[in-house]
Amino acid sequence: MFLPERKLILRVSAFALFLLAFTFIHAQLPVLNLSAYENRVQQKNDTLYVVNFWATWCKPCVEELPYFEKAAQGFADKPIKIILVSQDAKSRHENVADFLKKNAYSSECFILSAGNPNIWIDKIEQQWSGTIPATMLYKNGTKIYFHEGDYENYEILEKIIHAKL
């Protein structure tokens, strides 16, 4: 037989676990507008921000995502931040979150919802046609690298990151 205090503690603990599980399952990816995106990646510090634009429906994007995850792990002792910017519609945030969880990706990710792509793409990079995947590197508040298209292998991405550190 449980003491009344113990029953209460068990009920409170069970409820707390339920809330934690509910929050985790229903966690949403952040949805950022263009200004919030710029504030996130154009920080004036010595961190190298490796920003990859991708989508769950883009086969080349999905194929190269493991390279970015490997970079996050391989450069964990360096001032590098990998940021995955999903181009999925914000209404698909649960699908994106499920995809990331299923593949055990731990890099920071958000959905960019900035309105008309014909306007915001040029604001991010004038040479960018809008094709994904696309990668940009920022350091000290400035974009220092742009690549449109996928990477053939991890070693190419690794070499670029080393060169920009």
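So, Lys-59: this one is exposed, with a relative accessible area of 62%. I should say right away that we're looking at a predicted model. Lys-59 has a partner, Glu-63, and the two form a salt bridge whose closest N and O atoms are 3.8 Å apart. Both sit in helix H3, residues 59–74, and because they are four residues apart there, about one helical turn separates them. Glu-63 counts as partly exposed, because its relative accessibility is 45% and exposed would take over 50%.

How many salt bridges does a search of the whole structure find? Five. Let me take you through a couple of the others.

Here's Glu-108 with Arg-40. The closest N and O atoms in this salt bridge are 2.6 Å apart. This pair links distant parts of the chain: Glu-108 is in strand S4, residues 108–112, while Arg-40 is in helix H2, residues 34–41, and their positions lie 68 residues apart in the count. Glu-108 is at 22% relative accessibility, so it counts as partly exposed. And there's a third member to bring in: Lys-81 is linked with Arg-40 and Glu-108 in a network of salt bridges.

Then there's Asp-88 with Arg-92, a salt bridge with its closest N and O atoms 3.3 Å apart. Now, is Asp-88 buried or exposed? It's buried, at 2% relative accessibility. Its partner Arg-92 is at 31%, so that one counts as partly exposed.

Okay, let me step back to the overall layout. The chain has six helices and six strands. Starting at the N terminus, the elements go α-β-α-β-α-β-α-β-α-β-β-α. There are 165 residues in the chain, and buried ones make up 37% of them. And if you take contacts between residues at least 6 apart in sequence, 68% of those join residues at least 24 apart.

On to the core. The largest nonpolar core has 46 residues, and those with the most contacts inside it are Tyr-37, Val-51, Phe-53, Trp-54, Leu-100, Ile-124 and Trp-128. Which strand gives the most to this core? That's S2, residues 48–54, with six residues. If you click on Tyr-37 and skip everything up to four places away in sequence, you'll find that it touches Leu-32, Val-51, Phe-53, Val-85, Phe-110, Leu-112, Ile-124, Met-136 and Tyr-138.

Phe-110 is on that list, so let's go there next. Phe-110 lies in strand S4, and at 1% relative accessibility it counts as buried. Leaving out neighbours within four places in sequence, Phe-110 has contacts that include Pro-30, Leu-32, Ile-83, Leu-84, Val-85 and Ser-86. Arg-40, from our salt-bridge network, is also in contact with Phe-110. And Gln-87, 23 residues away along the chain, has its C-alpha 9.0 Å from the C-alpha of Phe-110.

Now a loop residue, Leu-29. You'll find it between helix H1, residues 4–25, and strand S1, residues 31–32. Why does Leu-29 count as buried? Because its relative accessible area is 13%, and buried means under 20%. Setting aside neighbours within four places in sequence, Leu-29 is in contact with His-93, Val-96, Ala-97, Leu-100, Cys-109 and Ile-111. Leu-29 and Ser-86 are 57 residues apart in sequence, with 9.7 Å from C-alpha to C-alpha.

For contrast, have a look at another loop residue, Asn-103. This one sits between helix H4, residues 93–102, and S4. Asn-103 is partly exposed, with a relative accessible area of 31%. Its C-alpha is 9.0 Å from that of Pro-66, 37 residues away along the chain.

Last stop, the second largest pocket. About 170 Å³ of space lies in there. It's lined by 16 residues, and the closest to its centre are Gln-87, Leu-112, Pro-117, Trp-120 and Ile-121. The elements giving two or more residues to this lining are S4 and helix H5, residues 117–124. Which of the elements gives the most to the lining? H5, with three residues. By class, the lining has ten nonpolar, four polar and two charged residues.

That's my tour, so over to you.

Definitions and conventions:
Residues numbered from 1 in each chain as written. Predicted model: local features only at pLDDT ≥ 70, side-chain atom pairs only at ≥ 80, totals over all residues. Heavy atoms only, no water. Core = buried A, V, L, I, M, F, W, Y, C linked by side-chain atoms within 4.5 Å. Buried < 20%, exposed > 50% of the residue type's maximum accessible area, 1.4 Å probe, protein only. Contact = heavy atoms within 4.5 Å. Salt bridge = Lys/Arg side-chain N within 4 Å of Asp/Glu carboxyl O. 1 Å grid on protein atoms, 1.4 Å probe; cavity = no way out; pocket = protein on both sides within 12 Å on 5 of 7 lines; lining within 4 Å. Points joined across faces, edges and corners; volume = space filled by probe spheres on them. Nonpolar A, V, L, I, M, F, W, Y, C, P; charged D, E, K, R; others polar.
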